[in-house]
Amino acid sequence: MKNQNNPSINVEFIDLPKLHHNDGNKFGTLAENKAIAFNPETTGASILAESNVRRQVADERDMLNFKSVFISGDAEPEMLVQPSAADSIIAPDRIRGQGMENDEIRYERVIDLPDFLPAWFFRVGAQRAKAVCKIEASGVDYKGVSGAWSGTGFLISANILLTNHHVLNSKEVASKAICIFNYETDENGKVLKTETFTLEPDKLFITSPAEGGLDFTACWIESGASEQFGFVPVFRHSFAIKNEDCANIVQHPDGRHKSVVVQKNEVYQQTDTVVHYTSDTEPGSSGAFVCNNSWKLVALHHASRRIREADFAENIKAVYMNEGIKMAAIATYLESLSDTDRNYNAARQVLEAFNGVDSAMGYFGSLGRHTSGASESDLEVVRNSYRGEAKDLDLCFWNIEWFNKNYKQKLKDVAWEISVQNLDIWVLSESSPEAATALVEYLKAQYDLDYDWVASEPDAPSSKQTTTVIWNTRTASVVRKDWPEKADRWLRLNSSDFKDLHELEEAIELEAVDGKIFDRYPGLFYVTAINPEASSSSHFAFNLVPLHLKAMSEGSKRRRFACKILAQAIDYCIKHKNFDDEWILGGDLNATLASGDLEELSKGSLIALSAEDAKAQAFSYLKKPYQSLIDHIYLSPNLVNRTDPEGFMILARERDNTRDGNPKSDYLSISDHRPIMVRLSLVDPQQPKKGADASDDVRKKAAAELAGLISSEPSNDPVGLDSNALGTREEALEILERSRNRIYYDKIADDQNKASYYSPMPTFSDPDKLFRHFHDLVRSTHSKPLPYKPALYVYPWVDLQPDLQLVNLYNGAATTPEILIEADFEIEESEFEGNAMFNCEHVVPQSWFDKRSPQRGDLHHLFACTPNCNSFRGNIPYIEFPDWEEKTMADCGKRETEGFEPKRSKGIVARATLYFMLRYPNDKVRYTGSSFANLLAWNLEEPPGEYEFHRNAAIQELQGNRNPFIDFPKLATQLNFRRSGV
């Protein structure tokens, strides 16, 4: 954005946490560097300063996350002509001065990386550039300042223009803005004729704020614009560009005529939500598109970010990069909006412009994934959606015709579909053990995906069609089970067996058919979703039965009889064999529901998700005009109640199922059966939806009531907080004032709470069992996970000393709580938030757990600590130095690269760290051997006192659980902390 009144804008838009591998997503997330500063108007001259982007040989370019080129489905024409090994490098001994050592001349050579581009590069680029316009806006800008400014925008559909929020921040601004197309010059510098169009925000306007959001605005524009200048196709792909690829930008820098950046424009780094690049921009470039070298839209340019601070003492300059918001992140945010959100309908309209599937999110995207509530920022919604895979399970039933015999020819295409759709479980008909084995091995070799397989008939030869199940081992577990002997006999029936099955004859009316009832034996499998954060009582599991009812002679009679037997077999398993009553049946049943052949399954209390049409709340095929054909899914009633049926019925039919929008390349090129997919999203009644129009107070109260956190009666919370509180400076100070009138530590009441909390105490002494017992206790009672807001949760009550002051954890310096509360809120409200730190120490550094929740806001390891000590410790572990060693000293303690020894509070930090290791055993906490022994020693040498007893009681009030090592310090020596995978 070019701001004519205030050209020097410096604002913190997005706080980027350091993300590493995301176990909830089978592709993982991208590495992300912590932001230091962020400036939406930094010019390109600063961006190239010491960027140190190196051009490496081609076989070193691919990031780990992009092991397979075009993994997200970007199957573009060949872009690079690879040199031979002999032509790739000029040996140093063949170079002398400006010439060669001998007379050998080679007339062609690739220097460093190949720079060849196809001739269509310029033609397609010019076509994309037509859809870019200059936006002239005026009014009250995103900072609340009146003035006029300019920016860039582009068309993404016939009537939708996309730009930044800080270019078009409101309907009022958009209604007065003008969009100037063709604002450019020819090769002789002659200004071309322009066309001007206006926006109609009353028809469509949706925006996400610059601060804490995705900094985008989509607005309705007159249709005449796209008729003359076209639009830029939009795709959901997260992996559309790699580090060191070119980031091409078409823009109106400083409000000037249209310009293009196609050189010195390499991608430096990226995350789930943003991409950083060295492409030049200037004020006025905000809202431009960022494309890869195939001119596929990757991101929406919006700002620049300082990724390295200047060090004047070392004569090191600051390093800046430009930043774009990924289109996949925008799509994820739009999909996350619930039908109660005021922007829901607008979001649906914008989503219609998106094509393809985001392989990082899978076919269903963020649909059905619950976020933490109304207080969550737009950016947090997206991040949590990417991490939300643990709370849902995506299944697909697919008849791949004759895959058993022809898997070698179909393997590549089938694997491509599986890699892109990112589902958890695939149930395949007309498969075989040999075909499933080959498919799993291909997925590992080509896409580095860890799948496993199991077959309904494990010994079936490739000549026989059977059903197989393959699953992503990171997100699900599938185990083959044996049907009970009686049910197994029923499922293996043929006409010669009728006279011997009196127990079945009593349940259903028999009728003669010729040959086997089930030509493909229906296997039985037990599926469990892998969710490391779930307690054993909340694991999501069910019985799965793949079906393929062959269309043989007497087909209708055979199917009716097969359905009768299936219904009776399931009923027998539940009533007589203590099977779980969650069941899913699905596959190719070779009959429409309207035929009546399958009605016995519904009579058996199973619910058909693929009902006769969409009116019956289901789908069978994913793409119109297909309605109810012959592939179906059935759920048991109680499983329907545990899942979110809306999750797969509505948005699924809106999705484009072709490859990158190419109608000649879709599932029908592999099989004439389209896959049927379902997302099973666990219902969480504690999750409020993002609210519609409401004030903060009303929305906060409504969200809390929905979550069951408070009642409509006055709160009985002794501190006056609930775990969903939004929190203001005034609230924090009010809590502090009430705290001063409370008893600091009521030992009698706390002893009663402690006895109740640990009852019954375990009677066994096995270290592994003890660890599991206390892990389950602190996890299951952590009933109110809190956001990271120390000014609201730490300083006003939890961390107060007996004299109601706050003390620096590491050096003992005292201060009043008001000072830290005010300081932290000033940081939150400052435009320079990225340069400052809260006055709070995470005893277990945030980088060790990638700033995930609930770890980040867990009060048991949060303590008051001024930024100087916080920075001095950094993210290194605690250790104890021998007294004779000379180490770097400070008022906070001693440190070297291998560790930090605090000046004080060793017992306190030891117990907090031990709690973290008990509560989050799957996080990689860096204590082993002598460093872990130090923690145990500090814990015993410095036992807890009144301060820690107060903290433990106060934290239990707020988040529900206690630190057992404060209540029982010696317990730490009795547990096996090396245990993992709890």
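The exercises below concern backbone geometry and residue surroundings in a predicted model.

Local features need pLDDT of at least 70 and side-chain atom pairs count only at pLDDT 80 or more, while totals for chains, interfaces and linings use all residues. Residues are numbered from 1 along each chain as its sequence is written, and side-chain values use heavy atoms, with hydrogens and water left out.

**Exercise 1.** Locate P760 and state whether the peptide bond from S759 to P760 is cis or trans.

*Solution.* Step one is the position: P760 sits in the loop between α19 (747-758) and α20 (767-780). Helices (H or I, at least four residues) and strands (E, at least two) are DSSP runs, numbered from the N terminus. Step two is the torsion: omega from S759 to P760 is near -5°, and the bond is cis.

**Exercise 2.** Describe the backbone of D850, K851 and P854 in the loop between β34 and β35.

*Solution.* Begin with the loop: P854 is placed between β34 (840-842) and β35 (862-864). D850 belongs to the loop between these strands, and K851 does too. Next, take phi. D850 is not a glycine, yet its phi is positive, about 60°. K851, also not a glycine, has a positive phi of about 55°. Then check accessibility, where buried means under 20% relative accessible area, exposed over 50%, and partly exposed in between (1.4 Å probe, protein chains only). D850 has a relative accessible area of 8% and is buried; K851 is buried at 16%. Finally, the bond joining S853 and P854 is cis, with omega about 10°.

**Exercise 3.** Determine what surrounds S226 in helix α5.

*Solution.* First, the helix α5 that holds S226 covers residues 224-229. Second, a relative accessible area of 12% makes S226 buried. Third, look for a polar contact (a pair of N or O atoms within 3.5 Å; within protein, one must be able to donate a hydrogen and the other to accept it, and residues adjacent in sequence count only if both atoms are side-chain atoms). A polar atom of the S226 side chain lies 3.1 Å from the backbone oxygen of S223. Fourth, list contacts (heavy atoms within 4.5 Å). With neighbours within four places in sequence left aside, S226 touches L155, S157, A158 and F231.

**Exercise 4.** Compare the separation of V124 and S294 in sequence with that in space.

*Solution.* Place V124 in helix α3, residues 120-130. Its relative accessibility of 16% counts as buried. V124 and S294 are 170 residues apart in sequence, and their C-alpha atoms are 8.3 Å apart in space.
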